[in-house]
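Please open the structure in your viewer and keep the selection tool at hand. The stops below go strand by strand.

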Amino acid sequence: KLQGTISRQPLIYQTTRGCPYGCRFCFVAFYYKRRWRIRKPELIEAELQRIMDFGVDSTFFVDDNIGPSKKHLLSVCDITQRLGLKWGTDIRVDHLSEDIMEPLVKGNCDYLLFGLESGSNEMLKYIDKSSTVATWKKGIDLMARHHITGMYSFIFGFPKETADHRTSTFEMIDYIRAHHKESTILVQIFT
């Protein structure tokens, strides 16, 4: 086993690369040209087992978006359940559904990070987020019902953002605080 604090820290690991979405502000859309590649489940499981052999018991999957393939996400849940590995990752909230939540819980998912970016449908459309505030709220409610910690990220200062857009975002933050107590709000400034 590894000595010192490394064995108590989440280890960084990647199960996919890229993202099929084209969010206007995101470098991933430009760098990977909206391609999304999945690593083989057998390889993922073997590497995670090897990592655990060193005493690591949790990981953060640094996937840009782990969720475009439900099959892949369920495979990761199966692997982490078998291994007893705790984990968190980035995922779009619109990839959540009632039938994916139980496998996430059984698969030891501790937390999920969501880039919501804005609480304004107008801004979501402007940044090509391909989703809506109503969809965000459904996902937030799913997270709360299943007691998975959520980290919700917002960006202020997009071009064309108005005071009304910011007010809508603060209202979304208030919605999260009221409906999903097991959450953290992250705020970034667009530069």
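The tour that follows goes through a predicted model, beginning with its sheet.

Select the strands first: six of them form an open sheet in the order β1-β4-β5-β6-β7-β8, and their pairing is parallel. At the edges stand β1 (11-13) and β8 (183-189), each of which has a single partner strand, so one side of each is left without a neighbour in the sheet. Going from one strand to the next, the twist averages 20 degrees.

Next, select residues 58-61 and 86-90, which are the parallel strands β4 and β5, joined by four bridges; if you highlight Phe60, its bridge partner in β5 is Gly88. Add residues 70-83 to the selection, and helix α3 appears, which together with β4 and β5 makes a right-handed β-α-β unit.

From here, move on to the pairing of β5 with β6, again parallel and held by four bridges, where Trp87 has Cys109 in β6 as its bridge partner. To follow the chain between these two strands, select residues 98-106, that is helix α4, through which the chain crosses from β5 to β6 in a right-handed β-α-β crossover.

The last pair to select is β6 (residues 109-117) with β7 (residues 149-156), two strands that run parallel and are joined by six bridges; within this pair, Tyr111 has Thr149 in β7 as its bridge partner. Finally, show helix α7 (residues 163-179), which packs on the sheet and touches β6, β7 and β8, while its direction makes about 170 degrees with that of β7.

Methods
Residues are numbered from 1 along each chain as its sequence is written. This is a predicted model: local features need pLDDT of at least 70, side-chain atom pairs count only at pLDDT 80 or more; totals for chains, interfaces and linings use all residues. Side-chain values use heavy atoms; hydrogens and water are left out. Two strands pair if DSSP finds at least two bridges between them. Axes are lines fitted to C-alpha atoms, for helices over the stretch in contact, and angles run from 0 to 180 degrees between N-to-C directions. Contact means heavy atoms within 4.5 Å. A crossover is right-handed if, with the strands pointing away from the viewer, the path from the first strand over the helix to the second runs clockwise.
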